[in-house]
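I opened the model to look up a charged residue, then the nonpolar cores, then one chain as a whole. My entries follow.

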Amino acid sequence: MNIIVCAKITPDPSDIEARGDGSISLERAEWIIGGFDLPAVEAGVRLIEAHGGTLTVLSAGPRPIAQSKLKKDLLSRGPDALAMVVDDRLRDADTAFTARVLAQAARKLDGFDLVLCGEGSADLYFQQVGLQLGELLGVPTLNAVNHIALEGDTLVVERDLEDEVEVLEVPLPAVLSVTTDIHEARLPSMKEILKAGKKPVTEWSLDDLDLPDGSGNQSEVLRTSAPEQARRKQERIEGGPDEAAKKLVEALQREGLI
Amino acid sequence: MDFRFTEEQELLIDSLEELLQREAPEQLMAELDERHEFPYKPWQALADHGILSLGIPEEYGGTPADIQTLTLVCETMGRHAFSLAIIYSLGIITIRDIVQFGSPEIKERVLTGFVQGDPPVALGITEPQAGSDAAALKTRADIDGDRVTFNGNKMYCTLAEMSKYILLMTRDPNGENPYESISMWLLPTDTPGLRYNKLAKVGWWCIPSYEVFIENASVPLDHLVGEINRGWPQLMANFEIERLALCAASVGAAEASYNDAVAYANQRVQFGRPIGSFQAVQHILTDMAIKIENMKHYIYKIAWMMDNDLPVRAEHAMCKLYVARASCEVIDSAMQVMGGLGYTMDHRVQRLWRDIRLMRIGGGTDEIMYNIAGPQLLKRAKLA
């Protein structure tokens, strides 16, 4: 099996700083592999371990994603190879642009049977790239997948919906977006970390991909701002449980909250 | 001077930190400590993750790792789960002695098992009359044909009963020079003739220590490790790295206590303000931070020297002396900052406080470290 797993490398959301005017700054943010994508990598690795084949991680983004440590981090988790589209024109790429870039990159790789994506990116979490990617590649595509089994040339997948579990047969090739329930991502051992530096890495810019005209952003971000900080009243309610509960209810009623 | 670690080291530490958060969370370590129970599952998790394979030859399932990497591993473990770090550090001397001096059969038996999760080999050196004066040991090995029989007793033999093996030091009573009369043996802990008495200690509750009574315990002669009467220099060959590992674990523990103290100082309100806003508390925390920085630089420097085959006879002793005391001071200060809460069994600083104290005694007392470093310093001054 030839599997591609798409992984987004983003600024760490926990490092986002809110400025005084409400705008946000990512200047001091460390770049990390998206937490929702690592279970997808693990799912791909387990399929390869069970059925043989190769696994390539594919990532697209601006220059900071190409840090050596990040590449080794990805490759230390089981994949055989890494392909990256590195271009500052991808900073603030929307889901449509990202999906087009990934689709073109996937076509440049040596064919695929399955593309896996995480349920959403760590920064914007729109949960759209996987579905758009499948559509662009012209293959069956599903999201919310939390179980994958290969039976012959067909995948049997499960989707955990609100009130039911859907079980589907999916012919290959296909694109699946998996949930974090699918697998806990393995932690790299020193052996895997040492091997990672020797695995092949392919790097392209947007100019290497022959993107069709009009492949850029289909949406425009007008403003990104932090929510207003609420001033805390820091009222203390004293007393035993019954008395305190009564006072709490009165306070909430006074504020018009209940 | 580039103080950065390699990317591989950073990735390993990130991975180890996540592993320890998953498999050795504070609540579990506290429960194991309270129950005086060895941390089998976290230890096995370290094995499954390849941590125990570090520094062991690849033919036995090992992974290459330099001393700086091992130092970082011990420090990280010390920060998250001090007991695990102590166990790992104690095993370093015996495992490395096996690597360096063991026969192929002994290496295959011991190292393969260790990499897969066996507890470390215990060190049987100290005796009731032989602590700092380790060469005064009396346990004897009598060779008869192709067998050797041991008689004697060992004290403070940590992990003895629950390890598979003790690395047993014996002495030929007829030898004139004690340092040329000591031999090293691999003694399976289930050998008939061994009896164990578990010792009650102030700390290290999930790391048992024993008095071991050895009465006519017999093993085949091929259980000799290295050469007859060369046990002392063989043992000394890896004392330095064991001390460094214990230092690194201690630095981690000290940093953990500092993190607890500074978080507490930011949040505990007295006299209408966080206690961290009082100068008295700021001074304590600053002194703690300085000591932690000093300790880190010391252990990294010693590790670098060892990786570059530079002699560290005086240096490692000075490092151990400083780190043992400074880590005790830092953790004691953490308890002071945390006040009553730090003194209760609910918080981990009490466990760190109890566990760190042995660092000034075990692996060579403060006084022995002075005895090692002092003459070396004077000798160098004379030669200069």
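**A buried charge**

I looked up Asp97(B) in this predicted model and found that Asp97(B) is buried (under 20% relative accessible area, 1.4 Å probe, protein chains only). Asp97(B) has no salt bridge (a side-chain nitrogen of Lys or Arg within 4 Å of a carboxyl oxygen of Asp or Glu). The nearest side chain of opposite charge is Arg96(B), 7.7 Å away. Asp97(B) sits in helix α5 of chain B, residues 82-101 (helices are DSSP runs of H or I, at least four residues, numbered from the N terminus). Leaving out residues up to four places away in sequence, I listed its contacts (heavy atoms within 4.5 Å); among them are Leu167(B), Met184(B), Gln234(B) and Asn238(B).

**Conventions**

Residues are numbered from 1 along each chain as its sequence is written, and chains are lettered from A in the order in which they are written. Local features need pLDDT of at least 70 and side-chain atom pairs 80 or more, while totals for chains, interfaces and linings use all residues, and side-chain values use heavy atoms, without hydrogens and water.

**Cores**

I then took the largest nonpolar core (buried Ala, Val, Leu, Ile, Met, Phe, Trp, Tyr and Cys joined through side-chain atoms within 4.5 Å). Of its 127 residues, Leu46(B), Met77(B) and Tyr88(B) touch the most other members. Helix α8 of chain B (residues 239-267) gives the largest share, 16 residues. A second, separate core has 38 residues, including Leu75(A) and Ile148(A).

**Chain A**

I noted that 44% of the 258 residues in chain A are buried. The C-alpha atoms of chain A fill a box of roughly 70 × 40 × 40 Å along the principal axes.

Terms used. Helices (H or I, at least four residues) and strands (E, at least two) are DSSP runs, numbered from the N terminus. Buried means under 20% relative accessible area, exposed over 50%, partly exposed in between (1.4 Å probe, protein chains only). Lys and Arg count as positive and Asp and Glu as negative; His and the chain ends are not counted.
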